[in-house]
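Let's look at how the labels on this model are earned. Each question asks for the reasoning behind one of them.

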Amino acid sequence: MHPPAPLDPLRLPLHGVQLIEASAGTGKTWTIAALYLRLVLGHGREPLLPPQILVLTFTRAATAELRERIRARLAEAAEVFRGRAAADALLESLLAAWPDAAGRAQAARRLELAAQWMDEAAIHTIHGWSQRMLAQHAFASGQAPGQELDTDGEALLGEVVRDYWRTHFFALDRTGAERIAALWRD
């Protein structure tokens with residue numbers, strides 16, 4: 001069995017939902033920043049601004065890192081589109097898609113504006129984004145305004161275990177109940 005081929009961010013479709021899942025240190029942040037550049041530039045599609053691009057991750061630390069790494073990558077790409085030598089093959093490939101000077105100047109400006117807009121970027125934890133959507137769409141979702149999501153699974157786990165016991169063990173006859181009691185005393 002051969003290992004999977006590395007993800008090429010220049011060939012990944014920029015429409016629909018895309019999931020990037022990989023182990024630590026495999027280049028997820030670099031790939032997300034590359035895809036972000038393509039979306040801002042409108043590489044093969046209509047250009048987008050940071051508030052129009054949704055990026056979800058698991059932790060607040062990852063959210064902060066993504067925001068800063070994408071901001072830095074946008075600023076770096078703006079400089080490349082203004083004439084500085086490209087630092088890597090991805091930026092060289094993107095630059096080649098804008099052969100004329102006017103197009104490159106417009107792309108540089110778009111990248112610079114996007115870097116400045118990163119504080120407005122839609123980069124959230126999954127929990128944070130869900131909380132925001134519930135608050136913004138409380139009426140449509142049937143949820144009470146200001147409802148908090150429960151991030152502590154301990155209470156939910158306890159409820160599930162009690163439901164399981166009620167469903168599968170309360171109906172046992174005496175012999176079955178004695179067998180279960182012998183295995184689990186508490």
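Q: Which residues does Ile 70 touch, not counting residues up to four places away in sequence?
A: Ile 70 touches Ile 32, Ala 33, Tyr 36, Met 118 and Ile 123. A contact here means heavy atoms within 4.5 Å. Before we go on, a word on the source: this is a predicted model, in which local features need pLDDT of at least 70 and side-chain atom pairs count only at pLDDT 80 or more, while totals for chains, interfaces and linings use all residues. Residues are numbered from 1 along each chain as its sequence is written, and side-chain values use heavy atoms, with hydrogens and water left out.

Q: What makes up the protein's secondary structure, and in what order do the elements run?
A: There are eight helices and two strands, running α-β-α-α-α-β-α-α-α-α from the N terminus on. Helices (H or I, at least four residues) and strands (E, at least two) are DSSP runs, numbered from the N terminus.

Q: Why is Leu 41 called buried or exposed?
A: Buried means under 20% relative accessible area, exposed over 50%, and partly exposed in between (1.4 Å probe, protein chains only). Leu 41 has 7% relative accessibility, so Leu 41 counts as buried. This residue lies in helix α1 (residues 28-41), and its contacts, leaving aside residues up to four places away in sequence, include Phe 81, Leu 94, Trp 98 and Leu 111. The C-alpha atoms of Leu 41 and Ala 108 are separated by 8.9 Å, although the two are 67 residues apart along the chain.

Q: What makes a set of residues a nonpolar core, and which members of the largest one touch the most other members?
A: A nonpolar core is a set of buried Ala, Val, Leu, Ile, Met, Phe, Trp, Tyr and Cys residues joined through side-chain atoms within 4.5 Å. The largest one here has 34 residues, and those touching the most other members are Tyr 36, Leu 37, Ile 70, Leu 74, Phe 81 and Leu 111. Two or more residues each come from α1, α2 (60-81), α3 (89-96) and α4 (101-116). Helix α1 gives the most, with nine residues. In soluble globular proteins, nonpolar side chains tend to be buried together.

Q: Why are Phe 81 and Trp 98 called an edge-to-face pair?
A: Rings of Phe, Tyr and Trp (its six-membered ring) pair if their centres lie within 6.5 Å; planes under 30 degrees apart count as stacked, over 60 as edge-to-face and the rest as tilted. The rings of Phe 81 and Trp 98 are 5.6 Å centre to centre with 75° between the planes, which fits edge-to-face. Phe 81 lies in helix α2 and Trp 98 in the loop between α3 and α4, so the pair ties together parts 17 residues apart in sequence. Phe 81 and Trp 98 are both buried.

Q: How do you know whether Leu 54 and Leu 56 are buried, partly exposed or exposed?
A: Leu 54 has a relative accessible area of 41%, so Leu 54 is partly exposed. Leu 56, at 35%, is therefore partly exposed too. Leu 54 lies in strand β1, as does Leu 56, the strand covering residues 54-57. Leu 54 touches Ala 122, His 124 and Trp 129, not counting residues up to four places away in sequence. The C-alpha atoms of Leu 54 and Ile 123 are separated by 6.0 Å.
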